[in-house]
Amino acid sequence: MANHRLPTVAIIGAGVSGLTAIKACIEEGLSPTCFEKLDCVGGLWAYTEQTDRNCVHHCTICNTSKEMTCFSDFPIPKEYPIYLSNKLMLRYLQNYAQEFGLLERIR
């Protein structure tokens with residue numbers, strides 16, 4: 001019997017770009033593995049006071065509206081404000097990863 005393994009792809013980082021890359025790879029029939037050094041998704045939106053990594057400032061607010069910021073296949077909840085705080089943006093990215101089954105692809 002022939003081995004029908006999907007082509008594999010390595011993705012570095014589970015921020016905005018990494019999450020969308022995982023999803024796109026899955027949709028194209030590839031087998032992505034995302035390598036993230038943090039214990040969460042969100043990339044720069046995952047605020048920390050640690051000085052050994054980059055992140056947004058603790059009071060950062062996104063300067064684009066939620067309608068322009070959201071992914072076309074995953075609207076930002078209506079109850080969120082027009083401009084998202086860093087905490088709400090991080091929650092949105094976490095929900096996106098969970099909704100599309102991306103978390104199981106992140107190491």
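A salt bridge is a side-chain nitrogen of Lys or Arg within 4 Å of a carboxyl oxygen of Asp or Glu. Keep that in mind as we look around this predicted model.

## Charged pairs

Lysine 23 and aspartate 73 fit the bill: their side chains meet in a salt bridge, 2.5 Å from N to O. Lysine 23 sits in helix α1, while aspartate 73 belongs to the loop between α2 and α3 (86-99), so this pair ties together parts that are 50 residues apart in sequence.

Lysine 23 has another partner too. Its side chain also meets that of glutamate 27 in a salt bridge, at 2.4 Å from N to O. Here both residues are in helix α1 (residues 16-27), 4 residues apart, which is about one turn of the helix. Put the pieces together and you get a network of salt bridges linking Lys23, Glu27 and Asp73. The structure holds 2 salt bridges.

How much of each residue in this network is accessible? Lysine 23 is buried, with a relative accessible area of 9%. Aspartate 73 is partly exposed at 36%, and glutamate 27 is exposed at 54%. As a general point, side chains of opposite charge can pair when their charged atoms come close.

## An arginine without a salt bridge

Now for arginine 53, which you can find in the loop between β2 (31-35) and α2 (66-69). What is the nearest side chain of opposite charge to arginine 53? That would be aspartate 52, and the distance is 5.8 Å. Because a salt bridge needs the two atoms to be within 4 Å, arginine 53 has none, even though this residue is buried.

Arginine 53 does have a polar atom of its side chain 2.4 Å from the backbone oxygen of alanine 46. If you skip the neighbours within four places in sequence, arginine 53 is in contact with Leu38, Gly43, Ala46, Tyr47 and Thr48.

## Cysteines on their own

How many disulfides turn up in a search of the whole structure? The count is 0. Take cysteine 55: the closest cysteine sulfur is in cysteine 40, and at 10 Å from the sulfur of cysteine 55 that is too far for a bond. Cysteine 59 is in no disulfide either, with the sulfur of cysteine 55 as the nearest cysteine sulfur, 11 Å away. For accessibility, cysteine 55 comes out as partly exposed at 24%, and cysteine 59 is also partly exposed, at 49%.

## Rings in a cluster

Let's turn to the aromatic side chains. The model has 6 aromatic pairs. In phenylalanine 74 and phenylalanine 100, the ring centres are 5.9 Å apart and the planes are at 70°, so this pair is edge-to-face. Phenylalanine 74 is in the loop between α2 and α3 and phenylalanine 100 is in the segment after α3, so the pair ties together parts that are 26 residues apart in sequence. Phenylalanine 74 is buried, at 14% relative accessible area, while phenylalanine 100 is partly exposed, at 28%. Both rings belong to a bigger picture: ring pairs link Phe71, Phe74, Tyr92, Tyr96 and Phe100 into a cluster.

## Two small residues in loops

Serine 65 is in the loop between β2 and α2. Is serine 65 buried or exposed? Serine 65 is buried, with a relative accessible area of 16%. Apart from its neighbours within four places in sequence, serine 65 is in contact with Ile82 and Tyr83.

Glycine 29 lies in the loop between α1 and β2 and counts as partly exposed, at 31% relative accessibility. Not counting residues up to four places away in sequence, glycine 29 touches Leu6 and Pro7. Threonine 8 is 21 residues from glycine 29 along the chain, and their C-alpha atoms are separated by 9.6 Å.

## Accessibility in a table

Here are some of the residues from this tour.

| Residue | Relative accessible area | Class |
|---|---|---|
| Lysine 23 | 9% | buried |
| Phenylalanine 74 | 14% | buried |
| Serine 65 | 16% | buried |
| Phenylalanine 100 | 28% | partly exposed |
| Aspartate 73 | 36% | partly exposed |
| Cysteine 59 | 49% | partly exposed |
| Glutamate 27 | 54% | exposed |

How values were computed. Residues numbered from 1 in each chain as written. Predicted model: local features only at pLDDT ≥ 70, side-chain atom pairs only at ≥ 80, totals over all residues. Heavy atoms only, no water. Buried < 20%, exposed > 50% of the residue type's maximum accessible area, 1.4 Å probe, protein only. Lys, Arg positive; Asp, Glu negative; His and termini not counted. Polar contact = N/O pair within 3.5 Å; in protein donor to acceptor, adjacent residues only side chain to side chain. Contact = heavy atoms within 4.5 Å. Disulfide = S-S within 2.5 Å. Phe/Tyr/Trp six-rings, centres within 6.5 Å; stacked < 30°, edge-to-face > 60°.
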